[in-house]
Structures are given as C-alpha cells and as structure tokens.
Amino acid sequence: MPDQTLYDLYAKAMQAHAAGDYLKAQSYGREIEKIIPDDPRAWIVLAQSALGLRDFTEAAKYLTALHEKEPENLGFRQQLTEIYRRVGYFEEAVGMFRPVFEKSQEVLEKYTYFGHLCSLGGAEKEALKCFQKADKLSPNNPDIKTAQAKINIALGDLKAAEKCILAALKINPGHIEALGLKGDVLKNLTAGERKTLAGLLNNPDGHLGQRVDAGFTLGKALNQETDYSATFQVFKKANDLAGKLFGDQGAQYGPFDERAFFKKATELYSPDMVAEFSHQKALHPTPIFIIGLPRSGTTLVEQVLSSHQDIGAGGEMKLLGEFHLRLETLALENPNLAMAEILKKVADPWRQEYLNLLTNGRSLRQDHG
C-alpha cells in the first residue's frame with residue numbers, strides 16, 4: 001500500500017483525536033497497525049487514543065514499545081511517568097522520569113513535580129533535595145516550605161520540619177496545611193491560630209476542602225486542651241462538610257457499599273487464594289505483619305520485636321494498601337479478567353517490590369538472618 005495511504009490514515013487519526021473522538025482515532029490506528037504492525041505511527045495513535053479513553057493499561061503497552069524503540073525520547077518517558085503515577089506505580093514513575101528531570105531546564109516546576117513524585121515513590125531524600133532547590137528558586141512560597149516540612153517529618157527530622165512549618169506560617173499565617181502540621185508536630189497552636197482556623201471553618205463562602213481541613217485541625221487542637229464539648233462540635237461540623245465535599249465529587253458513603261467491599265475483599269483474599277501461593281520460595285527478608293486498630297498497642301509490639309538484633313522496624317508502610325488500589329484499577333481497565341486472575345499475574349513483581357522496600361533503607365535495621 002502506498003505511503004500516501006498511511007499518511008492519510010495518520011492525519012485522520014490526529015484530526016479525530018483533536019476532536020475528542022478517541023474511538024475513531026483508535027480505529028484509524030488499528031488500520032495502520034494492520035498494514036505495518038511495527039509502525040511507530042500506529043503506536044503513537046493507539047497510545048494517545050487509549051489515554052483519551054482512560055485505558056491506561058493499553059496506553060502503557062504502546063508507550064512502552066515506543067520507549068524501547070526510542071529510549072532517548074523524553075516525551076514518551078513523560079507520558080509513561082503519568083500513567084505509572086495514576087495507577088500507583090510510584091517507584092516506577094520516579095525511575096522513568098529521572099532522565100527527564102536530569103535533562104530539564106532549571107525551572108521551579110521541574111523540582112516541585114519531581115519532588116512530589118519522589119515523595120510518593122519513597123525516595124524522601126531525593127524529594128527533599130528537589131524541594132530545597134525549589135525553595136531557593138521561590139523563597140517566599142509557603143507551599144514549598146510545607147512540602148519540605150512533610151518530607152522532614154517522614155525522615156524523622158522534626159527540628160528541620162519545625163523550622164519549615166514556622167517559615168511557611170510567617171509568610172502566610174493562614175496556610176491551612178502548615179497549621180495542620182504545626183498542630184500535629186508542635187502541638188501548640190496559638191489562640192490567634194485557632195481563631196484563624198475557626199474563621200476558615202465557619203466561612204460559608206470559603207473553599208469546602210479548606211473548611212474541612214481547618215475543622216479537623218482545630219478539633220485536634222481543642223482535643224489536646226481537653227475541651228471535649230467544643231471538640232465534638234467542631235469535629236461534627238467538619239465531618240458534615242466532608243460528607244458534602246465527597247458528595248459533590250460523586251462519592252457517597254453507604255453502609256451496604258461498605259459491607260459489599262469487605263465481602264468482596266474477603267472472598268478475594270481467601271484461604272484458597274493464599275494456598276495457591278504457598279509453594280513460593282522463602283522470602284528474604286521475611287516480613288512480620290503487625291495488625292491492629294489504632295491505639296491498640298501495635299507500635300509497642302513493633303518496638304519490642306525490633307529490639308532483637310535480627311529484626312528491623314519498618315513503620316506504618318502503606319504499600320499493601322497501594323497494591324489493592326492498583327488491583328482495583330487494573331480490574332476496571334480489564335473487565336474481562338477476574339480480579340483473582342489479575343492478582344496471580346502481578347503477584348511476583350509486587351512481592352519483590354515489597355521486599356525491595358524493606359531493604360532499601362527505610363527500615364531501621366535489615367534482617368541479618
């Protein structure tokens with residue numbers, strides 16, 4: 001078939017994509033793929049169409065092929081980074097974007113984007129360097145100082161976190177996130193700061209999300225002062241506003257939905273499912289899972305166990321929860337596959353990812369066994 005035909009198909013696909021008709025663009029991409037299966041033009045069309053249709057698994061397939069064909073193409077890396085980020089593959093997103101970051105211009109957005117990405121991917125030290133650089137480029141930005149504070153808290157440097165929190169509040173005394181961090185870390189909100197929070201909470205014209213955050217921060221401050229009657233009233237108002245916020249976003253809490261979720265999870269992670277993985281080789285390091293409700297003594301148990309020379313404390317790791325969110329995303333994108341079948345396909349790499357997290361320096365001590 002003449003090159004003109006391929007060119008015409010590609011042009012039509014781009015026009016359909018520009019018009020938002022992603023299904024039509026995808027059909028043109030399929031035609032190109034049939035004519036020349038390995039034509040990068042087909043992969044570009046199909047990747048862009050899949051992104052438009054929010055089919056991230058399909059988009060990742062073609063973008064990965066493009067990246068392997070042109071590994072120096074930073075545009076493909078950026079698109080893959082966003083896909084990894086959306087489906088919860090944060091460590092992969094960091095690795096994919098790092099070459100883009102290293103070759104990008106010295107601009108504020110470069111450091112803030114990669115800083116947030118690194119914080120999601122567990123690369124806190126790298127994230128801190130990014131936010132410190134961003135802080136030099138924009139020294140009067142309370143958002144950047146607050147981001148530094150959060151990273152310092154994750155790294156256990158509370159003195160550095162305190163310095164960043166106070167610097168953010170000096171620039172903007174009403175910065176809601178900085179006030180929340182001050183309440184959590186320093187636990188000494190001033191009367192003026194509590195008044196600011198009350199004003200934010202009770203402002204009917206204020207941003208709903210900020211009102212919710214202000215309410216919970218104020219409630220915790222009042223609770224620390226043992227003003228339980230006022231605490232209850234503030235928390236109730238914050239909860240009511242949170243319910244409205246989630247409702248506006250299309251999310252509603254329902255007890256029957258909650259029961260259905262737990263029933264589905266129980267059926268998925270059944271003894272039979274666990275038994276299917278029992279043949280796996282021994283894990284190193286060997287994880288110890290401490291499970292319990294808040295304030296039930298789980299931290300104390302971890303401290304007792306980690307006093308042994310061959311046991312390291314990992315803290316409250318969130319990766320298992322992220323795994324389930326990834327699984328739900330993959331199930332939505334692959335409706336013809338049962339969730340249990342998807343889990344079998346991804347179990348090995350996810351298991352290794354968890355073990356890597358245990359040994360990459362985030363635990364206090366590595367297993368010596």
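How many salt bridges does the count come to? The count comes to 14 salt bridges, and three of the pairs are described below, after an overview of the chain.

## The model as a whole

The structure is a predicted model. The mean pLDDT of the protein chain is 84, and 95% of its residues reach 70 or more. Over residues 361-369, however, the pLDDT is below 50. Beyond near neighbours in sequence, the stretch 361-369 has 22 contacts in the model.

The protein chain contains 19 helices and zero strands. Its C-alpha trace spans about 80 × 55 × 45 Å along the principal axes. Of the 369 residues in the chain, 35% are buried. The chain exposes about 22,100 Å², and carbon and sulfur atoms supply 55% of that area. Among contacts between residues at least 6 apart in sequence, 50% join residues at least 24 apart.

## The largest nonpolar core

In soluble globular proteins, nonpolar side chains tend to be buried together. In this model, the largest nonpolar core has 22 residues. Five helices each supply at least two residues of this core: H10 (158-171), H11 (176-185), H12 (191-201), H13 (208-224) and H14 (228-248). The largest share, six residues, comes from H13.

Leu-197 and Leu-218 have the most contacts inside the core. Leaving aside residues up to four places away in sequence, Leu-218 touches Arg-194, Leu-197, Ala-198, Leu-201 and Val-234. The two leucines with the most contacts inside the core therefore also touch each other, since Leu-197 is among the residues that Leu-218 touches, with contact meaning heavy atoms within 4.5 Å.

## Salt bridges within one helix

Arg-85 forms a salt bridge with Glu-82, and the closest N and O atoms are 2.8 Å apart. Both residues lie in helix H5 (residues 74-86), three residues apart, which is about one turn of the helix. Arg-85 has a relative accessible area of 31%, and Glu-82 has one of 23%. Buried means under 20% and exposed means over 50%, so Arg-85 counts as partly exposed, and so does Glu-82.

A second pair is Asp-348 and Arg-351, whose closest N and O atoms are 2.7 Å apart. These residues are both in helix H19 (residues 339-359), again three residues apart, about one turn of the helix. Asp-348 is partly exposed, at 44% relative accessibility.

## A salt bridge between two helices

Arg-98 forms a salt bridge with Glu-126, with the closest N and O atoms 2.7 Å apart. Arg-98 lies in helix H6 (residues 90-103) and Glu-126 lies in helix H8 (residues 124-137), so this pair ties together parts that are 28 residues apart in sequence.

Are the two partners buried, partly exposed or exposed? Arg-98 is partly exposed, with a relative accessible area of 27%. Glu-126 is partly exposed as well, at 25% relative accessibility.

## A nonpolar patch on the surface

Which residues make the nonpolar surface patch of about 300 Å²? The patch is made by Ile-288, Ile-290, Val-301 and Leu-305.

Ile-290 is found in the loop between helix H16 (271-276) and helix H17 (298-306). The relative accessible area of Ile-290 is 35%. A residue needs over 30% to belong to a patch, so Ile-290 passes this cut-off, although it is partly exposed rather than exposed.

Notes
Residues numbered from 1 in each chain as written. Heavy atoms only, no water. Patch = residues over 30% accessible without salt bridge, like charges linked within 9 Å, V, L, I, M, F, W, Y side chains within 5 Å. Areas by Shrake-Rupley, 256 points an atom, 1.4 Å probe, with all protein chains shown as cover. Salt bridge = Lys/Arg side-chain N within 4 Å of Asp/Glu carboxyl O. Helix = DSSP H or I, 4+ residues; strand = E, 2+ residues; numbered from the N terminus. Buried < 20%, exposed > 50% of the residue type's maximum accessible area, 1.4 Å probe, protein only. Core = buried A, V, L, I, M, F, W, Y, C linked by side-chain atoms within 4.5 Å. pLDDT = per-residue confidence, 0-100.
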